[in-house]
Amino acid sequence: MVFPYRIVKAINDRTYQIYEKTLPWIKVVIFNPNKPRKTLSGLCLADTGADLTFFDTEIGEYLGYVTKEGRLIELTGIGGGVQRAYFFEKVGIRLEDPAEKEKSIEFIDRMGFSKNNFPLSSPQQTGILGTVGFFRNVNVYFSYPEEIKITENTNIN
Amino acid sequence: MKANKLDLTKITKSKSKQWIALSPHSNKVIGQASTLKKVLQVARKSKIGNPTVFKIGQFSSSFVG
């Protein structure tokens with residue numbers, strides 16, 4: 001299935017000028033395998049440089065996780081900033097074909113929910129899709145600036 | 001497939017309205033609120049089906065890594 005890159009057009013917070021950036025933000029459906037009827041569609045950053053996959057704390061609460069019962073892990077960014085998140089062994093992601101032609105891809109993996117808010121300087125505050133939780137489950141082909149092609153990774157499943 | 005435009009220039013950007021709901025089949029902004037629960041409530045009132053949500057931070061010319 002093919003997802004579009006998003007051309008995000010916004011007002012620059014510093015200069016107040018129009019800001020336009022082409023970003024790999026893709027729509028994923030997040031769910032709790034223990035309470036699968038409640039799902040959430042969120043626009044998240046496909047970040048090949050991230051080791052782990054995690055979402056905003058409110059998403060975990062909405063899906064019925066008691067986030068503080070997860071395993072607390074510190075994630076360090078390239079600038080040295082630390083983000084803490086509570087991780088669970090079973091969080092689900094479903095990828096639905098935007099063209100509604102292909103069968104959905106669904107997997108359950110280790111993912112987390114942030115302890116605090118994401119750094120305000122980050123445009124994306126919803127979720128970071130990293131290797132564990134996302135990229136190890138799918139094959140992803142980035143064709144900047146237009147599309148991101150995703151298929152199921154059958155190497156480990 | 002062409003990249004998909006997401007125009008956020010008309011939304012009110014403030015710390016108290018970081019959650020945004022989009023129409024499921026387009027990039028139209030249908031709601032904005034301070035919490036996920038509130039933005040989902042706003043979206044449900046518009047009866048457009050299951051919205052896509054996201055939370056925004058700052059947009060600046062600096063690079064993210």
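**Exercise 1. Find out how β2(B) and β3(B) pair, and how many bridges join them.**

*Solution.* Start with the terms: strands (E, at least two residues) and helices (H or I, at least four) are DSSP runs, numbered from the N terminus. Two strands pair if DSSP finds at least two bridges between them. Here β2(B) and β3(B) pair in the antiparallel sense over four bridges. Next, look for one rung: the bridge partner of B:W19 in β3(B) is B:A33. Finally, check the connection: the two strands form a hairpin with six residues between them.

A note before going on: this is a predicted model, in which local features need pLDDT of at least 70 and side-chain atom pairs count only at pLDDT 80 or more, while totals for chains, interfaces and linings use all residues. Residues are numbered from 1 along each chain as its sequence is written, and chains are lettered from A and ligands numbered from 1 in the order in which they are written.

**Exercise 2. Place this hairpin in the overall pattern of chain B.**

*Solution.* First count the elements: chain B has one helix and four strands. Then read along the sequence, which gives β-β-β-α-β. For burial, apply this rule: a residue is buried if 20 or more other C-beta atoms lie within 10 Å of its own, exposed if 12 or fewer, and partly exposed in between, with C-beta atoms placed from the backbone. By that rule, 31% of the 65 residues in chain B are buried. For contacts, two residues count if their C-beta atoms, placed from the backbone, lie within 7 Å. Among the contacts in chain B with a separation of 6 or more, 30% link residues 24 or more positions apart.

**Exercise 3. Work out which residues of helix α1(B) are buried, and what they pack against.**

*Solution.* Step one: the buried residues of α1(B), which spans residues 36-45, are B:L36, B:V39 and B:A43. Step two: viewed down the helix axis, these residues fall within an arc of 65°, so they line one face of the helix; the arc is that of the directions from the helix axis to the C-beta atoms. Step three: they pack against α1 (57-62) of chain A, together with β2 (19-22), β3 (29-33) and β4 (52-55) of chain B. Step four: just after the helix, B:K47 takes a positive phi of about 50°.

**Exercise 4. Describe the sheet that contains strands of both chains.**

*Solution.* The order of this open sheet of three strands is β3(A)-β2(A)-β1(B), and the pairing is mixed. Now look at its edges: β3 of chain A and β1 of chain B each have a single partner strand, so one side of each is left without a neighbour in the sheet. Neighbouring strands are turned by 20° against each other on average, direction ignored; the axes behind this angle are lines fitted to C-alpha atoms (for helices over the stretch in contact), and angles run from 0 to 180 degrees between N-to-C directions. Across the chain boundary, β2(A) and β1(B) (residues 4-7) run parallel over four bridges. Two pairs to look up are A:K9 opposite B:D7 and A:R6 with its bridge partner B:N4.

**Exercise 5. Give the make-up of the contact between the chains.**

*Solution.* The contact takes 38 residues from chain A and 28 residues from chain B. On the chain A side, β2(A) gives the most, with six residues. That side divides into 18 nonpolar, 11 polar and nine charged residues. In this count Ala, Val, Leu, Ile, Met, Phe, Trp, Tyr, Cys and Pro are nonpolar, Asp, Glu, Lys and Arg are charged, and the others, Gly among them, are polar.

**Exercise 6. Trace the largest nonpolar core through A:I30 and B:V53.**

*Solution.* A nonpolar core is a set of buried Ala, Val, Leu, Ile, Met, Phe, Trp, Tyr and Cys residues joined through C-beta atoms within 7 Å. The largest has 44 residues, and A:I30 and B:V53 are among those with the most contacts inside it. Strand β8 (residues 82-95) of chain A gives the most to this core, with seven residues. A:I30 sits in strand β4 (residues 25-32) of chain A and is buried, with 24 other C-beta atoms within 10 Å. Beyond four places in sequence, A:I30 touches residues including A:L40, A:F55 and A:I59. With the same neighbours set aside, the contacts of B:V53 include A:L40, A:G42, B:W19 and B:V39.
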